[in-house]
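Please read the following walk-through with the coordinates open beside it. The text moves from a sheet to the cysteines, then to backbone angles and charged pairs.

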Amino acid sequence: MSANTQTQQGTSPEILTFGETMALLMPSGGKGLEYSAELHSLFGGAESNVAIGISRLGGSVGWFGRLGKDPLGRMIFKKIRGEGVDVSRAELTAEAPTGLMMREVLMGKTSVYYYRKNSAASRMGAQHLDESYIAGAKLLHLTGITPALSESCREAAFEAVRLARKHGVKVSFDPNLRLKLWSIDEARPVLLELAKLADIFLPGLDELKLLYQTEDWDTIVAELRKLPGVSIVKGGDNETYVVTQDEIIAVPYFKAEHIVDTVGAGDGFCAGFLVGVQKGLSYPEAVCIGNLVGSMIVQTEGDWEGAPTWEQVDAVLNDVKHIER
């Protein structure tokens, strides 16, 4: 394991998340991968995107996972650490390489190609979890991508949740359904079981339609109300919904003036929402922060590069005028 000077043994950030982060190659100038002679070297992963977003907003956060002990893995490790995220439980291993993804945007449509089979992250198992690290946090955030990677990753996801609940650590869960990784029939029972174990469930409306096999909103709400926690439903026409056993609260979106890249919007939402929760805001107030951060991220290119600082968020919320010179 590699050590981060920010977090010493026996202490933990308030929010923890874990999963696969991959190197990302994208062509320059809006060209297709097939015809581009130059590629930008970046990285991305739902959980590390969230972690960086939380850190940018001033939150206390750690990310752990497994990366290859190779140039791509070292690049990712150092950049996540450089964003102020604790990586003291992340591991660089020589057993397997860092996963890779390639992305192109042609005629407004994004296509992603994955090279992640047998990656270092896919070999993560329950034995790689640090119980004391999880026990020392206040909230554990995970996504449905991790259990889709392999049987051992699935075991790690459920074990992490078990450890969190054992020590009174709240759990937030974003299903992040990826049908390139598994079929809906494979995913459904796993994701719904994790939803039942979460204090905060963060699905998209389209995901719920697939998971509950219905287009009917009232039926979806009835299913969500069977869950023990609160559900934050992203992807409404113009709003995000807070669904509890007693009420539904609709929180309007913030308009994005110029959409550049929609990848990372959901992760940005989660980061803003979780920082709002960390600050003691009500769920609707935290959703407002999440909606704003999501709208800011889609106005820049990259998975996490456009994540705002708390000062930038606060300026928008309070309509602070920008002084150019």
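What follows is an explanation of selected features of this structure, which is a predicted model.

A convenient starting point is the open sheet of four strands, whose order is β3-β2-β7-β8 and whose pairing is mixed. Strands β3 (39–44) and β8 (109–115) stand at its edges, and because each has a single partner strand, one side of each is left without a neighbour in the sheet. From one strand to the next, the twist averages 25 degrees. Within this arrangement, β2, which covers residues 22–27, pairs with β3 in the antiparallel sense over six bridges, and alanine 23 has phenylalanine 43 in β3 as its bridge partner. Across β2 and β3 lies helix α2, made up of residues 71–82, which runs at about 60 degrees to β3.

The cysteines come next. A disulfide is a covalent bond between the sulfur atoms of two cysteines, and the structure holds zero of them. For cysteine 153, the closest cysteine sulfur is that of cysteine 270, and because the two sulfurs are 19 Å apart, they are too far from each other for a bond. Cysteine 270 is likewise in no disulfide, the nearest cysteine sulfur to it being that of cysteine 288, 16 Å away. The cut-off used for a disulfide is a sulfur pair within 2.5 Å. Cysteine 153 counts as buried, at 1% relative accessibility, and cysteine 270 is buried as well, with a relative accessible area of 0%.

Two asparagines deserve a look for their backbone angles. Most residues other than glycine have a negative phi. Asparagine 118, however, has a phi near 60 degrees, a positive value in a residue other than glycine, and its place is in the loop between β8 and α3 (131–135). Asparagine 176, also not a glycine, has a positive phi of about 40 degrees and lies in the loop between β10 (170–174) and α6 (184–197). As for their surroundings, asparagine 118 is partly exposed, with a relative accessible area of 46%, whereas asparagine 176 is buried, with a relative accessible area of 7%.

The charged side chains complete the picture. Side chains of opposite charge can pair when their charged atoms come close, and the structure holds 13 salt bridges. One of these joins arginine 116 to glutamate 20, with the closest N and O atoms 3.0 Å apart. Arginine 116 lies in the loop between β8 and α3, and glutamate 20 in the loop between β1 (15–18) and β2, so this pair ties together parts that are 96 residues apart in sequence. Both partners, arginine 116 and glutamate 20, are buried.

A salt bridge also forms between the side chains of glutamate 91 and arginine 66, at 3.2 Å from N to O. This pair links distant parts of the chain, since glutamate 91 belongs to strand β6 (residues 91–93) and arginine 66 to strand β5 (residues 66–68), 25 residues apart. Glutamate 91 and arginine 66 are both buried.

Where, finally, do glutamate 223 and lysine 226 stand on the scale from buried to exposed? The two form a salt bridge in which the closest N and O atoms are 3.2 Å apart; glutamate 223 is partly exposed, with a relative accessible area of 25%, while lysine 226 is exposed, with a relative accessible area of 62%. Elsewhere, salt bridges that share partners join Arg66, Glu91 and Glu95 into one network.

Technical notes: Residues numbered from 1 in each chain as written. Predicted model: local features only at pLDDT ≥ 70, side-chain atom pairs only at ≥ 80, totals over all residues. Heavy atoms only, no water. Pairing = 2+ DSSP bridges. Helix = DSSP H or I, 4+ residues; strand = E, 2+ residues; numbered from the N terminus. Axes fitted to C-alpha atoms, helices over the stretch in contact; angles between N-to-C directions. Contact = heavy atoms within 4.5 Å. Buried < 20%, exposed > 50% of the residue type's maximum accessible area, 1.4 Å probe, protein only. Salt bridge = Lys/Arg side-chain N within 4 Å of Asp/Glu carboxyl O.
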